[in-house]
Amino acid sequence: MMTCGKCHDTEGPFICDVKTGKCRCESCYMLDNAVSDIVKLIKYKAGTKANINMTAVVTMDSIETLVFDELGLN
């Protein structure tokens, strides 16, 4: 039986990465991709390690606002 390596879901659907050998349910896979993209954005915008904390806070606030706007919750 397949199991998600992150949340241990057994229902699926599952996505298995051939390079890493990790199997994730579709929700965890999408969340991992979103987190990876946000980390890349923050590192790109920060430029230096000294700026990363403030850049992360400002970027996450902007993303939160945009998501709520898209969902019609603001």
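Select His8 to begin: in this predicted model, His8 is found in the segment before strand 1. The phi of His8 is near 65°, a positive value in a residue other than glycine. Most residues other than glycine have a negative phi, and most peptide bonds are trans. His8 counts as exposed because its relative accessibility is 56%, above the cut-off of 50%.

Remain in the segment before strand 1 and select Pro13, which is found there as well. Display the backbone from Gly12 to Pro13: the peptide bond between them is cis, with omega near 0°.

**The charged network**

Next, select Arg24, which lies in strand 2 (residues 23-25). Is Arg24 buried or exposed? With a relative accessibility of 15%, Arg24 counts as buried, because buried means under 20%. Show the surroundings of Arg24, leaving out residues up to four places away in sequence. The residues that Arg24 then touches are Cys4, Gly5, Lys6, Pro13, Phe14, Ile15, Tyr29 and Asp32. Pro13, from the previous stop, is thus one of the residues in contact with Arg24.

Of these contacts, turn to Asp32. The side chain of Arg24 makes a polar contact with the side chain of Asp32 at 3.0 Å. The two side chains also meet in a salt bridge, at 3.0 Å from N to O. Salt bridges that share partners join Lys6, Arg24 and Asp32 into one network.

Add Lys6 to the selection. Asp32 forms a salt bridge with Lys6, and the closest N and O atoms are 2.4 Å apart. This pair links distant parts of the chain: Asp32 is in helix 1 (residues 26-46), whereas Lys6 is in the segment before strand 1 (14-16), and the two are 26 residues apart. Side chains of opposite charge can pair when their charged atoms come close.

How exposed are Asp32 and Lys6? Asp32 is partly exposed, with a relative accessible area of 24%. Lys6 is also partly exposed, with a relative accessible area of 41%. The count of salt bridges comes to two.

**Along helix 2**

Now select residues 52-71, which make up helix 2. Helix 2 has 20 residues and reaches 28 Å from its first C-alpha to its last. That span is close to the 28 Å expected at 1.5 Å a residue.

Select Met54, which lies in helix 2. Met54 is exposed, with a relative accessible area of 58%. Place a distance marker between the C-alpha atoms of Met54 and Asp17: they are separated by 33 Å, and the residues are 37 apart along the chain.

Move to Thr55, also found in helix 2. Is Thr55 buried or exposed? Thr55 is buried, with a relative accessible area of 14%. Leaving aside its neighbours within four places in sequence, Thr55 is in contact with Ile42, Lys45 and Ala46. These partners fall within residues 26-46, the range of helix 1.

Continue to Leu66, another residue that lies in helix 2. Leu66 counts as exposed, at 56% relative accessibility. A second distance marker can join the C-alpha atoms of Leu66 and Cys16, which are separated by 30 Å. Along the chain, Leu66 and Cys16 are 50 residues apart.

**The end of helix 2 and the surface patch**

Select Leu71, whose place is in helix 2. Leu71 counts as exposed, because its relative accessibility is 57% and the cut-off is 50%. Gly72 follows helix 2, and the phi of Gly72 is positive, near 75°.

For the final stop, show the surface of Val67, Phe68, Leu71 and Leu73. Which kind of patch do these residues form? Val67, Phe68, Leu71 and Leu73 form a nonpolar patch on the surface. Together, the residues of this patch have about 380 Å² of accessible area. An α-helix has 3.6 residues a turn, so residues three or four places apart point the same way.

Technical notes
Residues are numbered from 1 along each chain as its sequence is written. This is a predicted model: local features need pLDDT of at least 70, side-chain atom pairs count only at pLDDT 80 or more; totals for chains, interfaces and linings use all residues. Side-chain values use heavy atoms; hydrogens and water are left out. Patches are made of residues with over 30% relative accessible area and no salt bridge: like charges are joined within 9 Å, nonpolar side chains (Val, Leu, Ile, Met, Phe, Trp, Tyr) within 5 Å. Accessible areas come from the Shrake-Rupley method with a 1.4 Å probe; for residues, only the protein chains shown count as cover. A salt bridge is a side-chain nitrogen of Lys or Arg within 4 Å of a carboxyl oxygen of Asp or Glu. Helices (H or I, at least four residues) and strands (E, at least two) are DSSP runs, numbered from the N terminus. Buried means under 20% relative accessible area, exposed over 50%, partly exposed in between (1.4 Å probe, protein chains only). A polar contact is a pair of N or O atoms within 3.5 Å; within protein, one must be able to donate a hydrogen and the other to accept it, and residues adjacent in sequence count only if both atoms are side-chain atoms. Contact means heavy atoms within 4.5 Å. The expected span of a helix is 1.5 Å times one less than its number of residues.
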